[in-house]
Amino acid sequence: MSTPTATRLQAADASVTVLSNTPSVTDWARRYLGSWWNAFEVPASSVCAGPLVTADLDGKAYADLNALVTACPHDEVTYAKARLLLARDSTGTITGVSPEEGLAYRSEQLGGHVTIAGLAPEPLALATARVAREMIRATLLRDGWTLLHASAVVRSDQALLTFGSKGAGKTTTALLLASRGAQLLANDRVFVKVVGSELRVLPWPSAAAIGLGLLDALGLYDVVRDRLQAGEHLHPTQHQDVTDALLAGRREPLWEPGGKREKKVQVFPDQFTTWFGMELATGGRAAALLFPRIDPSAVPAVVDGERSLGEDDFMSGATEDRYPDHFGLAPGIDGGGDDLARATVTDQLASLPHHQVVLGHDVQANADFLAKLAGAR
């Protein structure tokens with residue numbers, strides 16, 4: 001039996017400890033979440049209270065939990081795109097089994113301690129980081145933070161938040177500015193909270209989805225391909241078709257059946273630094289809002305119009321469909337924050353400079369324009 005290892009994760013006043021008999025599990029949590037949040041090793045013997053995720057490779061524990069769930073009334077739901085069998089007992093303990101992933105979960109103490117038993121290291125590591133992140137989100141939401149659907153970059157502690165629906169240019173804007181020296185804080189979502197007279201911003205650690213066409217336009221395609229050919233790996237949630245396309249040198253976008261959703265490159269947070277040379281930010285103060293749209297024939301410019309924040313600019317229970325709170329980590333709390341927190345944030349954001357812009361397909365021109373606009377604010 002391996003010696004247990006422990007990693008503590010912190011964001012603002014929220015923290016969770018990951019304890020495992022498999023070092024790759026705690027290493028993964030530290031790598032995946034520590035690029036944007038604080039993450040550090042602690043003595044396993046010092047871990048005595050929650051919030052806590054205990055994650056072990058343990059075939060017997062998995063079999064026992066699987067037998068417990070299947071022997072009693074249970075629901076069948078979906079979690080992280082996988083089937084999950086879910087049972088609750090009279091004490092409030094929630095037990096779940098994902099047979100295809102070889103994972104069993106047990107959530108106790110009102111979500112303050114989650115035990116995960118796995119049959120293979122990689123699925124166990126992914127599940128552990130996911131649950132630990134959800135536990136920190138629950139604490140942040142209870143503390144008055146809310147979650148925006150936005151990308152963000154930071155210069156000198158000032159954060160530029162970019163809003164828009166899918167395809168509007170949130171990721172493009174953030175990566176172009178990061179390539180020009182801004183620190184990347186968020187690719188798709190960001191925590192915000194009014195603290196004193198400021199609207200503080202925290203990152204939401206996640207793999208970043210970048211289309212092959214955008215990767216090529218940013219001049220990063222060959223960097224990624226060279227790394228893969230040298231034996232390095234992108235995030236394991238990436239579709240094999242994308243990996244095959246990169247290794248074969250194909251640069252055109254790949255689409256799922258039906259052509260509505262693009263298969264994208266999945267980049268680890270730390271790969272922005274180690275592969276792309278971009279700096280990451282761990283926080284900032286919201287300073288301006290950007291609302292881009294893409295027009296292939298356009299010259300980059302500020303355009304007329306009044307764009308205010310809407311429901312789609314906030315994450316919510318309805319939009320958190322990949323990771324619903326099946327384990328009772330944040331009972332009674334919306335997945336993006338409560339109504340009062342949203343209203344307070346909305347008022348604060350309304351007082352900041354707003355810029356509606358159009359971007360074309362000339363990446364260099366877009367980058368020049370955005371860097372000038374960000375510097376001028």
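1. Contacts along the chain. Of the contacts in the protein chain with a separation of 6 or more, 70% are accounted for by residues 24 or more positions apart. The model is a predicted one. Two pairs of residues illustrate separation in sequence against separation in space. S179 and A367 are 188 residues apart along the chain, and their C-alpha atoms are separated by 8.3 Å. S107 and T274 are 167 residues apart along the chain, and their C-alpha atoms are separated by 36 Å.

2. Overall dimensions. The protein chain contains ten helices and 22 strands. Its radius of gyration is 21 Å, close to the 21 Å given by the globule rule for 377 residues, so the chain is as compact as a globular protein of that length. Taken along the principal axes, the box filled by the C-alpha atoms is roughly 65 × 50 × 40 Å.

3. Burial and surface. Of the 377 residues in the protein chain, 51% are buried. The exposed area of the chain is about 16500 Å², and 50% of it is supplied by carbon and sulfur atoms.

4. The nine-stranded sheet. Nine strands make an open sheet with mixed pairing, in the order β3-β1-β2-β4-β9-β8-β7-β6-β5. The edges are taken by β3 and β5 (75–79); each has a single partner strand, so one side of each is left without a neighbour in the sheet. From one strand to the next, the twist averages 20 degrees. As a reminder on pairing, strands of a sheet are joined through backbone hydrogen bonds, in either the parallel or the antiparallel sense.

5. Helices on the sheet. Helix α1 (residues 23–34) packs on this sheet and touches β1, β2, β3 and β4 (52–57). The direction of α1 makes about 15 degrees with that of β1. Helix α3 (residues 121–142) lies across β1, β2, β4, β5, β8 and β9 (113–118). Relative to β4, α3 runs at about 175 degrees.

6. Strand β1 and its partners. Strand β1 (residues 5–11) has five of its seven residues buried, so it is largely enclosed by the rest of the structure. Seven bridges pair β1 with strand β2 (residues 14–20) in the antiparallel sense. The two strands form a hairpin with two residues between them, and in the turn A12 has a positive phi of about 55 degrees. With strand β3 (residues 38–42), β1 shares five bridges, and these strands also run antiparallel. R8 can be used to place the register: T17 in β2 stands opposite R8, and F40 is the bridge partner of R8 in β3.

7. The β7–β8 pair and S107. Strand β7 (residues 94–98) and strand β8 (residues 103–108) run antiparallel and are joined by five bridges. L103 in β8 stands opposite S98. Is S107, in strand β8, buried or exposed? With a relative accessible area of 2%, S107 is buried, since the cut-off is under 20%. Setting aside neighbours within four places in sequence, S107 is in contact with G92, T93, I94, H113, V114, F327 and L329.

8. Helix α4 and S179. Nine of the ten residues of helix α4 (residues 170–179) are buried, and the helix is mostly covered. The buried residues are K170, T171, T172, T173, A174, L175, L176, L177 and A178. S179 also has its place in α4. At 45% relative accessibility S179 counts as partly exposed, because the value falls between the 20% and 50% cut-offs. After α4 comes G181, which has a positive phi near 105 degrees.

9. The α6–α7 crossing. Helix α6 (residues 221–229) and helix α7 (residues 240–248) have axes that come within 9 Å and cross at roughly 100 degrees. The two helices are therefore roughly perpendicular to each other. On the α6 side, Y221, V224, R225, L228 and Q229 make the contact. On the α7 side, the contact is made by A245, L246, L247 and A248. In general, an α-helix has 3.6 residues a turn, so residues three or four places apart point the same way.

Notes
Residues numbered from 1 in each chain as written. Predicted model: local features only at pLDDT ≥ 70, side-chain atom pairs only at ≥ 80, totals over all residues. Heavy atoms only, no water. Buried < 20%, exposed > 50% of the residue type's maximum accessible area, 1.4 Å probe, protein only. Helix = DSSP H or I, 4+ residues; strand = E, 2+ residues; numbered from the N terminus. Pairing = 2+ DSSP bridges. Axes fitted to C-alpha atoms, helices over the stretch in contact; angles between N-to-C directions. Contact = heavy atoms within 4.5 Å. Rg over C-alpha atoms; globule rule 2.2 N^0.38 Å. Areas by Shrake-Rupley, 256 points an atom, 1.4 Å probe, with all protein chains shown as cover. Parallel < 35°, antiparallel > 145°, perpendicular 65-115°, else oblique.
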